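Okay, thanks for squeezing me in today. I'd like to walk you through one structure, so have a look at it before I start talking.

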Amino acid sequence: MTQKLVRHILDTIGELFPDAHCELRHSNPFELTIAVLLSAQCTDETVNKVTLDLFQKYKRPEDYLAVPLSELEQDIRRIGLFRNKASNIQKLCQLLLDKFEGEIPEKHEHLVELPGVGRKTANVVVSNAFGVPAIAVDTHVERVSKRLGLVGWDDSVLEVEKKLMKKVPREEWTQTHHRLIFFGRYHCKAQNPQCTICPLLDNCREGKKRMKLSAIRKTITNK
């Protein structure tokens with residue numbers, strides 16, 4: 001793919017979603033880290049409903065450790081994998097107190113040491129909380145990147161991240177991350193992408209295939 005085509009894709013998505021942003025509600029790096037941890041295999045909408053009360057009850061790492069694990073589990077029971085996530089939250093909070101003076105570390109290599117925090121979560125935190133350019137590859141970013149040919153169909157999540165980092169200017173990494181998420185969440189959906197009105201249809205392998213199949217079905221139906 002040429003750099004000119006990459007630029008066209010980025011600009012087009014940017015025109016569709018110029019104000020794309022992190023939709024997880026938070027007021028500080030600690031809340032953001034907890035919210036992203038909770039968002040694994042769960043929608044941001046559900047997480048925001050849960051954290052509305054959660055962040056009123058728990059302000060600091062000490063607060064999460066002051067209650068029994070069973071109580072924290074009940075507080076986040078609407079979240080998928082809530083038992084495992086509750087356990088990771090308490091372990092994370094303990095490590096923050098033991099090693100990082102109760103504060104979320106700013107460096108990526110320190111963030112991934114925290115229980116429940118993988119590469120994607122760390123990228124979200126460093127970019128949104130600390131202003132460090134990063135591309136976090138979630139299911140939307142991966143799907144859209146592969147459909148548009150920005151990366152290969154068989155690329156791993158890490159390969160997708162590395163290829164996007166090479167093709168997208170560094171100063172646009174965080175912005176592109178948010179825009180790809182919005183594009184995937186609200187336009188290029190997993191099951192019902194809006195191919196018929198997509199300005200990037202000519203550049204989309206998945207879209208062309210879907211439109212061709214749709215045309216074939218119509219031809220068969222009209223016979």
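I'll go through the cores, then the salt bridges, then the empty spaces. One thing up front: this is a predicted model, so keep that in mind as we go.

Let's start inside. Which residues of the largest nonpolar core touch the most other members? Those are Ile-34, Leu-54, Tyr-64 and Leu-92, in a core of 37 residues. If you want to find that core by element, look for helix H2 (29–38), helix H3 (44–57), helix H6 (82–99) and helix H8 (119–130), which each give two or more residues to it. H2 gives the largest share, with 7 residues.

Now click on Tyr-64 for a second. Leaving out residues up to four places away in sequence, Tyr-64 touches Phe-30, Ile-34, Leu-54, Phe-55, Tyr-58, Leu-72, Ile-89, Gln-90 and Cys-93. Apart from that core there's another one, of 25 residues, including Leu-10, Leu-150, Trp-173 and Cys-198.

Okay, on to charges. As a reminder, side chains of opposite charge can pair when their charged atoms come close. How many salt bridges does a search of the whole structure find? It finds 14, and I've picked a few to show you.

Take Glu-71 and Lys-57, whose side chains meet with 2.6 Å from N to O. This pair links distant parts of the chain, with Glu-71 in helix H5 (residues 69–75) and Lys-57 in helix H3, 14 residues apart. Are these two buried, exposed or something in between? Glu-71 has a relative accessible area of 30%, so it counts as partly exposed. Lys-57 comes in at 37%, so Lys-57 is partly exposed as well.

Next up is Glu-161 with Arg-119, where the closest N and O atoms are 2.7 Å apart. Here too the pair links distant parts of the chain: Glu-161 belongs to helix H10 (residues 157–167) and Arg-119 to helix H8, with their positions 42 residues apart. This time the two partners get different labels. Glu-161 has a relative accessible area of just 4%, and buried means under 20%, so Glu-161 is buried. Arg-119, at 40% relative accessibility, is partly exposed.

My third pick is Glu-206 and Lys-209, a salt bridge at 3.8 Å, N to O. Both of these sit in helix H12 (residues 205–222), 3 residues apart, which is about one turn of the helix. Glu-206 is buried, with a relative accessible area of 12%, while Lys-209 is partly exposed at 48%. And there's a network to show you too: salt bridges with shared partners join Arg-7, Asp-11 and Glu-172 together.

Right, last part: the spaces. The largest pocket holds about 550 Å³ of space. Which of its 25 lining residues lie nearest its centre? That would be Cys-42, Asp-44, Asp-138, His-140 and Arg-185. H3, H8, helix H9 (139–147) and helix H11 (173–186) each bring at least two residues to the lining, and H11 has the largest share, 6 residues. By class, that lining breaks down into 11 nonpolar, 8 polar and 6 charged residues.

The second largest pocket has about 170 Å³ of space. Its lining is made up of Asn-28, Pro-29, Phe-30, Arg-60, Pro-61, Glu-62, Leu-97, Gly-102, Glu-103, Ile-104 and Phe-130. You may recognise Phe-30 there, from the contacts of Tyr-64. H2 and helix H4 (61–65) each supply at least two residues of this lining, and the classes come out as 6 nonpolar, 2 polar and 3 charged.

What about closed spaces? How many cavities of 30 Å³ or more are there? The count is 1, with about 60 Å³ of space. Around this cavity you'll find Phe-183, His-187, Cys-188, Pro-193, Gln-194, Cys-195, Cys-198, Leu-201, Cys-204 and Gly-207. Cys-198 was also on my list for the core of 25 residues. As for classes, the cavity lining has 7 nonpolar residues, 3 polar ones and no charged ones.

That's my tour, and I'm happy to go back to any part of it.

Technical notes
Residues are numbered from 1 along each chain as its sequence is written. This is a predicted model: local features need pLDDT of at least 70, side-chain atom pairs count only at pLDDT 80 or more; totals for chains, interfaces and linings use all residues. Side-chain values use heavy atoms; hydrogens and water are left out. A nonpolar core is a set of buried Ala, Val, Leu, Ile, Met, Phe, Trp, Tyr and Cys residues joined through side-chain atoms within 4.5 Å. Buried means under 20% relative accessible area, exposed over 50%, partly exposed in between (1.4 Å probe, protein chains only). Helices (H or I, at least four residues) and strands (E, at least two) are DSSP runs, numbered from the N terminus. Contact means heavy atoms within 4.5 Å. A salt bridge is a side-chain nitrogen of Lys or Arg within 4 Å of a carboxyl oxygen of Asp or Glu. On a 1 Å grid over the protein atoms alone, a cavity is a set of points where a 1.4 Å probe fits but cannot get out, and a pocket is an open set with protein on both sides within 12 Å along at least five of seven lines; lining residues have an atom within 4 Å of a point. Grid points are joined across faces, edges and corners, and a volume is the space filled by probe spheres set on the points. Ala, Val, Leu, Ile, Met, Phe, Trp, Tyr, Cys and Pro count as nonpolar, Asp, Glu, Lys and Arg as charged, and the others, Gly among them, as polar.
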